[in-house]
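Thanks for coming, everyone. I'd like to walk you through one model today, so please have a look at it on the screen while I talk.

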Amino acid sequence: MIGLEHFLAVGALLFGIGLYGLLSKRNVIALLMSIELMLNAVNINLIAFARFVAPDRPDGQVFAIFNIALAAAEVAVGLALVFRIYRDRAGIDATKLNGMKW
Amino acid sequence: MNFSLIVPELLTACLAMFLVVLDLLLPGKETRRSLGYLAVFGLLGILAVLLGQQEASGAFYVNLYTVDGYAVFLKALFLLAVALTLLFSFDLIERLPRYSGEFYALIVFSVLGMMLMASANDLITLIVGMGVMNISFYILVGYHFRDMRSSEAGAKYLILSAASTAVLLYGASLVYGYTGSVQFVKIFQAVDPSPAMLGGMAMLVIGLGFKIAAVPFHMWSPDIYEGAPLPVTALLAMCSKVAAFAVLLRLLIQALPALADGWVAIAALLAVLSMIAGNVIAMNQHNIKRLLAYSSIAQAGYLLCGLVAADQAGVKGILFYSLLYVFANVGAFAVITVVKLHSGSEDMAAFAGLSQKSPFLAVVMTVSLLSMAGIPPMAGFAGKLYLFLAVVERGYLWLALLGFVMSMISVYYYLLVAKVMYWGEPADGRRLEVGSSLKWAAALSLIATLLLGVYPGPLADAAAWAAASLF
Amino acid sequence: MNEFPILTTILLLPILGALLLSCLPPLAEKAIKVVAAVIMGAVAVLAVYAYGAYDFAVGGMQFTQNIPWIADLGVNYAVGVDGMSLPFLLLTALIGFSAVFASWNLEQRPKEFFVLLLILLAGVTGTFIVRDLFIFLLFYELVVIPIYIMVIIWGSTKRVSKEYAGMKLTIYLLIGSAFMLVGVVALYLNAFPAGARTFSMELLAQAHQLGHLSEEFQIFTFFLLLLGFGSLLSMWPFHSWSPDGYAGAPTAVSMIHAGVLKKIGGYGLIRIGLLVLPLGLKFWAPLIAGLAVVNVLYAAFIALAQKDLKYVVGYSSVSHMGYVLIGIAALNGTGISGAIANMFAHGIMSALFFAMIGYVYEKTHIREMDGLGGLAHQMPRVATGFMLAGMASLGLPGLIGFVPEFTIFVGSFGRYPVCAVLAIAGIVFTALYVLRLLANVLFGPRRPEFDRYRDARGAELVPLFVLGAVLVAFGLFPNLLMQKISSEVSTMLPLLASLQDAPALWGVIWR
Amino acid sequence: MTELLGLARLSAMIREVLTLFLPYPDVVDFIIGLVGIAGIFGVIFTAALVLVYAERKISAFMQVRLGPNRVGPAGMLQSFADMLKLLSKEDIIPCGVDRWMWMLAPVVLFLPAATVYAVFPFDDGAVLADLNIGILFVMAISAQSTLPFLMAGWSSNSKYAVIGGMRTVAQMLSYEIPLVFSVLGIVMLVGSMRLSDIVAAQQNIWFIVLQPVAFVIYVIAATAETNRAPFDLVEGESEIIAGPFTEYSGMRWAFFFLAEYANLLAASAIAATLFLGGWHGPFLPGWLWFFIKVGLMIFLFMWFRWTFPRFRIDQMMSFGWKILLPLALANMVVTGIGIFVYRLWS
Amino acid sequence: MLQDYTLIGVLILIALVVPIGGLVASAMVQTRKPGLEKSLPYECGIDPIGKSWIQFKASYYLYALVFVVFDVETMFLYPWAVQFQQLGLFAFVEMIIFVAILTLGLWYAWKKGALEWK
């Protein structure tokens, strides 16, 4: 039967994929998507824990809902900024975001 | 549920939305100066309400939210810092391309987020507060959208911060999973140093470390500080950092005293790295915002020393230092604002000859920088004394010595700025235009910096009172 | 404790005065100056009273007051004077009073100037009367800021720009004090265990006796303090801010700076260096003596080559500080008495010097020796002041300079014969440059182009009279000064005696 | 009579028969589910064929002409003829397309269109998967059909297609919001998102009576969601040829078409379930009532198509955001107040 | 519960297979005569001019952004709506406040022209 470990494994895998994308991608949109993956991994974890560890309390689910809302707001702002950059310099390659030296 | 406990937060939220509404109602052409004043005085009014009910303490909504001396102190700090910051940045905000009304509203929203973080007693409240603050800041950082650097900084900040938040959240989910609760207190009860739990805590701390901009999680801050509009940079340096500290302290000290040996060592390491890297790299900066960015990394290192102490004295030191750092920052950024408005540049060279154009501002800048360096009679000295004292009491003499040596190194680059101001020749003969509200903010910060340096007693008592509530 | 808090009054009067002045309209120049004069007059009267009323029979700290300031750090607002700080208090009050009158003709932004002047004087006074190290530090740094501002606004740009001068001065003092800070904090942390920590100088002085401070710690910490106090005292090689600073500063600031401020360095070396960290001082004493000789000779040589009056006096003051250092390094009662007395004496004469140079410059707008000459014809009073200051400077018996210098030589000869002899040789150069200065400026044929300048008169005469009177009075009756000092130094003798066998730098190197 | 012909009884019969051969109840349930899935696909394909014909006939009826009348009696076999034609047409892949995305788009479009059927209660107890989040599932899945439009439009390397794709997204997103909000009132009334619960709650009174405003909003928004006239800006042939489908032909185009009709049917089915009492009705078996109501809704949608002129895009957008959305929000609040008033009153 | 989702999974699988099967069937019966003219993108019969991936007007993105915000808010509304009758007046007032804030957002977007087709 499918148990907690399976969900956690999916979560970890998703998180890993997101992290990998974050480190390897250059397109800002792709970076945002990677972050979304990571956040969704968190949600999977939370829901799984809520189901298997603390089924009597809604903490995990509430947590996940807030997460989703925050992720959406983050993405909305992120896209707006990306759009801005795209209009200014016709490209969203993250490595080209070098107007300032690191 | 005792709603009177969250009255300041409710008022802040109302103020922010009221600002949005007013902004929509006002005719489009008008400058939003009135909104700015409304925001400032609104925040000060909330501060008054907050201080008026400081006796009220307790937990709100099944322990999700606690109001104690610690939270009240930090909230007062945030409100004050933001009010002062707004006060000196009216002129600059009105030069932003459009939408200055929203700017005020967003800043007030970010205050709301910080206040939530200060009171957060469980992971969900923490995430919500942090989210509100973060999202406001993403927009604020990228606010100057005609300026390429600003939108670039906004995007960078968003990506890095969101990534760090994701790491933090993953850690939070693990902690939740292994304790079955999101409340800090319960985490403490359920503590069982299983590897997954430790991993979760480590990820939480990494996420917060990013916000604090402690080395090695600091890489974002110079770029973001440089690109963001000035008042936002100021707020990032003071408030978002302190807010993250607020959570970190509550989490580690209140919820995880059992693991103190572990995290104290980590905090000490971060403190050392931050103090050294921040101060050393700052020496080579020419953009004043970058310089302050690195300096703020170093300040984070000093604050971390208080965490190393991990006792009441340490927390008191952190609180005290944070507040005086606010005043020093307000002074410095007020002057930078004037220079930026005057010359359009934030390079060190733009400060040349400031002493001839406005001795007052030059003095404010010098005093603020020296306060950051920790030279008496400026407040910074007393603050560092408290911090390092706490560390020494716990037997970390070497850390305190390192801190002091690094402070002395920092004198070098702070004085470089002073040197340019007093030594350099002004690039042009134009008169410096200084708004009256800015003068007020600068004068206030100057007086506060000097007063706290000479007579820190009452504030130290307040900080001690606040710190006591955490134990 | 019910007696009149005289020291606090002395400290607060200038601050109140500054507040009062800042309320006056900026155009009421006369009123501003009168208020400042009255305030400083009152301070001077109180200081003289304190000087006279000090009870030798009892000794130790008198007129004390003790108010807890920052309880959790062990900081107290503690004031009091003993035989060592009394002369400095008097010095500050007299020079401060004179400085107000020396700036009587100031026209540019007088309000701000006098406000800052009063704050500066309050700061300096504070350093000499507080008995708490923390508050001492606050006052110490508080002094730097007004000076900084006064130099860059009211200073004069001659060889170097006033901004340069102000900045150089500030940077040297700040960096010096930064090292000192580290030392003080280290001292604070090590002297007593947690809970009993204190900044009180007297209690800290007991830490050595109690054996709380190891020898290594004292050596290390004293070195840090030496960097701070040494640069304030313009010890070679940290002296270079001093001539530039004096040259750039307005007259009143030069007077206060050369007359009083520098002395904080020497005062601190004795009060904290000797009393709290005796082993440290003992260790470094040979180095200090060596540097002191360099100070004396090097600065005297440079002074010889200067053309600008202020630079001559500036280097002369660096040279004089060499004597002070050598006296301290002698580590015996005589040497230390001499050092304290010499600081007092030098304060009075350099203040008089700068006041007179200020008058000359104010009237003729010339500070170079080549451009001046024969001024004794047109300005006999100024010339008198010059003469008095110059003669005192080269140690003419009967004036204030002689006894202290002599005492120093007596004290140091036993310990550092070579250095003492070299320093005495320095007197020759001192005489040379002082006489050259006097000759070039005052004497010689009457120069008609100076005929239109009038001699000092009215309020301008106050510095001349006050400082000149002290110069002569203390010269003729050195006991007025030496008695106070030696009463205090005598209490240090057991400590000094206990240092006989402590290791010193030379000893370490020879071995 | 109703029970006798109910789908539930049908499934019970199948179960009985199967249990004779298979002793495992799980497997039996699964097989019944498979039968249900087959039924669903049957419904979709049948409906597509019927609807193509019906649309032509109805439009002809509205325009007072005959419509298809050559293939089969009254042109009834016209749909089959079309199907055969499409099946045998050449599959042209235009040059310059983003190959993978372009080929995937029709497949991906069909997925959500078919998946929503899983939760519809065709009859009392005849639900493939009676999820407790049924209505949320419907909303979530049907919202996915935005993506393939964009995929198709973007990958086609054609200006019309790109514009069409962008328009689709804008339009579907804009009307998604009022759609979702309009249903909230019903959830509040029922206290459950399970579709069978919602149907059960309408035993006495249809929600079209209690939520008339929501119904209107829903119908308008659903029309827009299915890209039907008067909201067919996406593929308005007089403006942008065929929008995202411009470059598609043959079987690929057929699947777009199929998905579109599946969506239309689904939208009508949701309307029938939420507002018209679902399978409730006297005399006739439930599933028949259900299909009658669905048919009515479909007729309504087709009626719209031939009655209203096409919106301009700015009109369409501002209508959605500035009229429908505030209306939906107000409806929600009024419903809440109404419920409280009703409770106090009774 | 799980079985429900299994069935939905099967449904999705079949829904995936059906179009592919249709395409395969079509590929077997159709005739192929590829040609350049045929495979050119459609532009009313003339050769295509310029690139088709052009930059689009900002309005599209603005709508998308507004959508993201509003769509996620429904996530809070649905659970509330389900429990609405049990929660009582307090939750209702809270949700009215929530909706009021949402409306404020809408009004803001409206006033700032995010809802205008420019």
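Let me begin with a term: a cavity here is a set of grid points where a 1.4 Å probe fits but cannot get out, and its lining residues are those with an atom within 4 Å of a point. One thing to keep in mind throughout is that this is a predicted model.

So, how many cavities of 30 Å³ or more does that rule give? The count comes to 10. The largest cavity holds about 170 Å³ of space. It has 14 lining residues, and those nearest its centre are Ser142(D), Leu179(D), Glu225(D), Ala267(D) and Ile270(D). Helix 6 (134–143), helix 11 (212–225) and helix 13 (250–275) of chain D are the elements that give two or more residues to that lining. The largest share comes from helix 13 of chain D, with 4 residues. By residue type, the lining of the largest cavity splits into 9 nonpolar, 4 polar and 1 charged.

Now to the next one down. The second largest cavity has a volume of about 90 Å³. Its lining counts 15 residues, and here two chains appear around the centre: Thr366(B), Leu370(B) and Met378(B) lie nearest to it along with Ile145(C) and Tyr148(C). At least two lining residues each are supplied by helix 15 of chain B and by helix 5 and helix 6 (162–191) of chain C. Which helix gives the most to this lining? That would be helix 5 of chain C, with 5 residues. The lining of the second largest cavity is made up of 12 nonpolar, 2 polar and 1 charged residues.

Please hold on to helix 5 of chain C for a moment, as we meet it again in an open space. The second largest pocket contains about 1700 Å³. It is lined by 38 residues, and the closest to its centre are Leu446(B), Leu450(B), Val115(C), Leu116(C) and Ile119(C). From chain B, helix 15 (359–373) and helix 18 (436–454) give two or more residues to the lining, and from chain C so do helix 1 (6–23), helix 4 (110–129) and helix 5 (133–154). Helix 5 of chain C makes the largest contribution to this pocket, 9 residues. The pocket lining divides into 31 nonpolar, 3 polar and 4 charged residues.

While we are on chain C, let me show you helix 8, residues 215–232. With 18 residues at 1.5 Å a residue, helix 8 of chain C should span 26 Å, and its end C-alpha atoms are 25 Å apart, so the two values agree. There is a bend in helix 8 all the same, of about 25°, at Leu226(C). Is this helix mostly covered or mostly uncovered? Mostly covered: 14 of the 18 residues in helix 8 of chain C are buried. Just past the end of helix 8, Ser234(C) has a positive phi of about 50°.

Next, the chains with transmembrane annotations. For chain A, an unreviewed UniProt entry gives "transmembrane region" at residues 6–23, 30–50 and 62–86. In the model, chain A has 3 helices and 0 strands, and its elements run α-α-α from the N terminus on. Residues 6–23 of chain A are 100% helix, with end C-alpha atoms 26 Å apart. Residues 62–86 of chain A are also 100% helix, and there the end C-alpha atoms lie 36 Å apart. As for burial, 46% of the 102 residues of chain A count as buried.

Chain E has its own "transmembrane region" listing in UniProt, again from an unreviewed entry: residues 6–29, 60–81 and 87–110. Residues 60–81 of chain E are 100% helix, with 31 Å between the end C-alpha atoms. Over residues 87–110 of chain E the figure is 96% helix, with 33 Å between the ends.

Last stop, back in chain D. Ala330(D) sits in helix 15, residues 313–345 of that chain. With a relative accessible area of 39%, Ala330(D) is partly exposed, because that value falls between the 20% cut-off for buried and the 50% cut-off for exposed. The C-alpha atom of Ala330(D) is 9.8 Å from that of Val213(D), although the two residues are 117 apart along the chain.

That's my tour. I'm happy to go back to any part of it.

Notes: Residues are numbered from 1 along each chain as its sequence is written. Chains are lettered from A and ligands numbered from 1 in the order in which they are written. This is a predicted model: local features need pLDDT of at least 70, side-chain atom pairs count only at pLDDT 80 or more; totals for chains, interfaces and linings use all residues. Side-chain values use heavy atoms; hydrogens and water are left out. The expected span of a helix is 1.5 Å times one less than its number of residues. The bend at a residue is the angle between axes fitted to the seven residues ending there and the seven starting there. Buried means under 20% relative accessible area, exposed over 50%, partly exposed in between (1.4 Å probe, protein chains only). On a 1 Å grid over the protein atoms alone, a cavity is a set of points where a 1.4 Å probe fits but cannot get out, and a pocket is an open set with protein on both sides within 12 Å along at least five of seven lines; lining residues have an atom within 4 Å of a point. Grid points are joined across faces, edges and corners, and a volume is the space filled by probe spheres set on the points. Ala, Val, Leu, Ile, Met, Phe, Trp, Tyr, Cys and Pro count as nonpolar, Asp, Glu, Lys and Arg as charged, and the others, Gly among them, as polar. UniProt positions are given in the numbering used here, feature names are shortened, and annotations may be inferred rather than shown by experiment.
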